Amino acid sequence: GHWVCEQLPQLRSIEAFIERQKQDIPLLINPKPTRWQIDTLRLMGWESNRLIKQNWSGIRVNSLIVSSLRNVHSRGMEYDPRARNWAFNRLRNSANVVQNVKSKSARRYIFRQDMPDRRVHNFEKVERLLISSGYDTLEPSDPMSEQIATAVGTRALVGVFGSGIINLFFSEQRQFLLEIFGTEQENKEVFFLLAAEFGVAHTSLYAPASRGDAKSRNPGAPFADSFEVDIEQLSLALQKLELVINRPTP
């Protein structure tokens with residue numbers, strides 16, 4: 001989430017400087033980039049021969065170009081949706097070229113069941129309801145080009161608070177986000193503001209920590225290990241969501 005919404009948009013001003021100076025400039029990155037960092041940089045047009053991994057305590061340069069770092073969403077004086085939209089569009093267009101496939105599924109869900117926190121305790125019931133309502137899963141473990149291409153046709157996303165929600169904004173037809181988070185969740189406005197920035201309708205569903213698995217069980221942890229989703233409330237939220245999805249687009 002931070003990489004796609006904060007770091008990659010910085011390339012817009014760096015590339016503008018390169019264009020103005022009519023000279024290529026290598027990009028300084030962290031010493032041990034992940035596979036998805038390299039994948040997304042490649043999709044953005046930055047191949048490995050243009051990257052320098054920072055493996056030293058310091059590096060001497062004649063000129064250093066430093067781009068402004070915005071928040072993951074627009075807030076206060078950091079209102080800057082243009083660079084984020086630029087990054088999402090380039091990633092989506094590059095992934096489409098790589099995959100040459102566009103997903104036809106309009107409804108997707110993404111959860112964190114393989115992560116140590118913010119897992120859904122009653123996930124089987126939740127998933128059963130989502131599948132019966134016409135939702136397909138979106139796997140964040142797929143290579144970035146496949147993950148982005150899968151998300152392209154998504155109009156509605158149901159997901160637990162976390163970076164996986166970013167997938168919705170790769171879509172060309174994004175309309176609705178149903179976000180699930182624990183009652184103790186801090187910074188609840190993150191994806192609400194991002195959704196507003198992109199014209200996406202947003203609603204949220206609170207889920208209390210599951211019995212015996214509350215935040216106090218893991219002192220100092222910012223999130224509960226897992227929480228319980230109210231199936232009836234989720235069903236009602238999905239019904240309301242359908243009214244938005246089925247609304248004719250102008």
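**Exercise 1.** In this predicted model, determine whether F169 and F198 are buried or exposed, and classify the geometry of their ring pair.

*Solution.* Step 1: both F169 and F198 are buried. Step 2: the ring centres of F169 and F198 are 5.2 Å apart, and the planes stand at 45°. Step 3: stacked pairs require planes under 30 degrees apart and edge-to-face pairs over 60; the F169 and F198 pair is therefore tilted. Step 4: F169 belongs to the loop between β6 (156-160) and β7 (176-182), and F198 to the loop between α7 (190-197) and β8 (201-207), so the pair ties together parts 29 residues apart in sequence. Step 5: ring pairs link F169 and F198 with F88 and F170 into a cluster.

**Exercise 2.** State how many aromatic pairs the structure holds, and classify the one formed by F111 and F123.

*Solution.* Step 1: there are nine aromatic pairs in the structure. Step 2: for F111 and F123, the planes meet at 70° with the centres 5.4 Å apart, so this pair is edge-to-face. Step 3: the pair links distant parts of the chain, 12 residues apart, with F111 in the loop between β3 (107-110) and β4 (119-120) and F123 in helix α5 (residues 123-132). Step 4: F111 and F123 are both buried.

**Exercise 3.** Identify the buried residues of helix α3 and describe the residue G45 that follows the helix.

*Solution.* Step 1: helix α3 spans residues 35-43, and its buried residues are Q37, D39, T40, L41 and L43. Step 2: G45, which follows α3, has a positive phi, near 100°.

**Exercise 4.** Locate the charged end of R50 relative to the ring of W46.

*Solution.* The charged end of R50 sits over the W46 ring, 3.8 Å from the ring centre.

Technical notes: Residues numbered from 1 in each chain as written. Predicted model: local features only at pLDDT ≥ 70, side-chain atom pairs only at ≥ 80, totals over all residues. Heavy atoms only, no water. Buried < 20%, exposed > 50% of the residue type's maximum accessible area, 1.4 Å probe, protein only. Helix = DSSP H or I, 4+ residues; strand = E, 2+ residues; numbered from the N terminus. Phe/Tyr/Trp six-rings, centres within 6.5 Å; stacked < 30°, edge-to-face > 60°. Lys NZ or Arg CZ within 6 Å of the ring centre and 35° of its normal.
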